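Here's a quick walk through one model, for anyone who would rather look at the fold than scroll through coordinates. Have the viewer open and follow along.

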Amino acid sequence: MPFGEIVCGAPGSGKSTYCYGKHQLFTALSRPISIVNLDPANDNIPYPCAIDIAALITLQDAMDAHGLGPNGGMLYCMEYLEANFDWLEARLAELGPDAYVLFDIPGQVELSTNHESLKRIVLRLAKIGFRLAAVHLCDAHYVTDAAKYVSVLLLSLRTMLQLELPHINVLSKVDLISQYGDLDFNLDFYTEVQDLSYLENTLNNASPRYAALNMALVSLIEDFSLVGFETLAVEDKASMLHLARAIDRATGYVYVPPPNAPAPPGTVPPPAHPHQATPSSRPNDYALFSSAAGPMKADVRDVQERWVDAKDAWDAYERAGWRREGEVARGMDAERKGGDGSEKGEMS
Ligand SMILES: Nc1nc2c(ncn2[C@@H]2O[C@H](COP(=O)(O)OP(=O)(O)OP(=O)(O)O)[C@@H](O)[C@H]2O)c(=O)[nH]1
Ligand SMILES: [Mg+2]
């Protein structure tokens, strides 16, 4: 059964970078992954692209053929893709039944909030067997301003209601958040969408005229308590792994490594003879149920410490770690080459 993610979000929220980061991570983990670019305006695709909408239609084609501007052209491209869904279906079928597919969606938000084509494409993907989650990226800098945070909450809620998929909202580029000044509250206030009445003062100060309306919107979001956020710093492996796990839980994806895959660190090796097994042995502890139902390890307080409270100290600590790794690698390289700089043969 193929699984996948609809990677959506406002322009520049980090969708293509996330797809590329996930491709690198999953390739290193030997997990299957393919990326489908559905953004006809994506000229510089950073990742290896399994299927590219440009092979069907480009934004320029749509604009030239119908005298449309870039935004109208984008909507036309999505409608054209919907009308030619069998083109996409045939190419997806080539990826095989066990494919894990990221769909990189254009940043035009009406595609995921009120235009019907993307929704119908998603429905048809579900019909051909895809188990999908929507991964909705929002730039983390919006949480530094109460009014922008309210608009992000509304956008996330609207996207959720439109796509009707298991939904993960993500505050992307959290590594940059400290650049935008101090947060009024800790990060968990924003990610868990805690008591939003605390935003009242700031909202009142920003636009006193619409304070009551803002508070009505806020209480609507609170009443349904549907919105929450994960965080993402795409260069940070722990952050990517945490998000991947949250998405796996949402789709019900369980990765069982192939029999010849190297076991991850900490796995208890199987006994040499079956009769030597002791009750404390935990063979295959990285497989099915431990990955599906195990606890989520990372905590948003760790994210707060890493990227807000002690960012400089953590950056310095990581840099020192990379330097040490580099020195070790260089030392091993020099040893392998020998004193005269020539490669030592295996047999010498
Ligand atoms: N520091 C930092 N920068 C990021 C991160 N994710 C993305 N970026 C940067 O954000 C910018 C926009 O990223 P893209 O991946 O092109 O965003 P997009 O959502 O695909 O944009 P559109 O396709 O135009 O809608 C790029 O300069 C990325 O390098 C992140 O986690 N941390
Ligand atoms: Mg993009």
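What follows covers the sheet, one of its strands, one helix and the ligand site. Keep in mind that this is a predicted model.

**The sheet**

Start with the strands. Seven of them make an open sheet, running β3-β2-β4-β1-β5-β6-β7, and the pairing is parallel. The edges belong to β3 and β7, which have a single partner strand each, so one side of each is left without a neighbour in the sheet. As general background, strands of a sheet pair through backbone hydrogen bonds, in either a parallel or an antiparallel way.

**Strand β2 and its partners**

Now zoom in on β2, which takes in residues 34-37. Which of its faces are covered? Both are: S34 and V36 are buried on one side, and I35 and N37 are buried on the other.

The two pairings of β2 look like this:

| Partner of β2 | Residues of partner | Sense | Bridges | Opposite N37 |
|---|---|---|---|---|
| β4 | residues 100-104 | parallel | four | D104 |
| β3 | residues 51-52 | parallel | two | D52 |

N37 is a handy landmark here, with D104 as its bridge partner in β4 and D52 standing opposite in β3.

**Helix α11**

Next, find α11, residues 237-251. At 1.5 Å a residue, its 15 residues should span 21 Å, and the end C-alpha atoms are indeed 21 Å apart, so the two agree. Which residues of α11 are buried? They are S239, H242, L243 and I247. Look down the helix axis and these buried residues fall within an arc of 135 degrees, which means they line one face of α11.

What covers them? The cover includes four strands: β1 (3-9), β5 (131-139), β6 (167-172) and β7 (229-231). Just past the end of α11 sits G252, with a positive phi of about 85 degrees.

**The ligand site**

Finally, turn to ligand 1. How many residues surround it? There are 17, and the closest are G14, S16, T17, G107 and V234. Helix α1 (residues 15-28) supplies the largest share of this shell, with three residues. Sorted by class, the shell around ligand 1 holds eight polar, five nonpolar and four charged residues.

Note on methods
Residues are numbered from 1 along each chain as its sequence is written. Chains are lettered from A and ligands numbered from 1 in the order in which they are written. This is a predicted model: local features need pLDDT of at least 70, side-chain atom pairs count only at pLDDT 80 or more; totals for chains, interfaces and linings use all residues. A residue is buried if 20 or more other C-beta atoms lie within 10 Å of its own, exposed if 12 or fewer, and partly exposed in between; C-beta atoms are placed from the backbone. Two strands pair if DSSP finds at least two bridges between them. The expected span of a helix is 1.5 Å times one less than its number of residues. The arc is that of the directions from the helix axis to the C-beta atoms. Two residues are in contact if their C-beta atoms, placed from the backbone, lie within 7 Å. A residue is near a molecule or strand if its C-beta atom, placed from the backbone, lies within 6 Å of it. Ala, Val, Leu, Ile, Met, Phe, Trp, Tyr, Cys and Pro count as nonpolar, Asp, Glu, Lys and Arg as charged, and the others, Gly among them, as polar.
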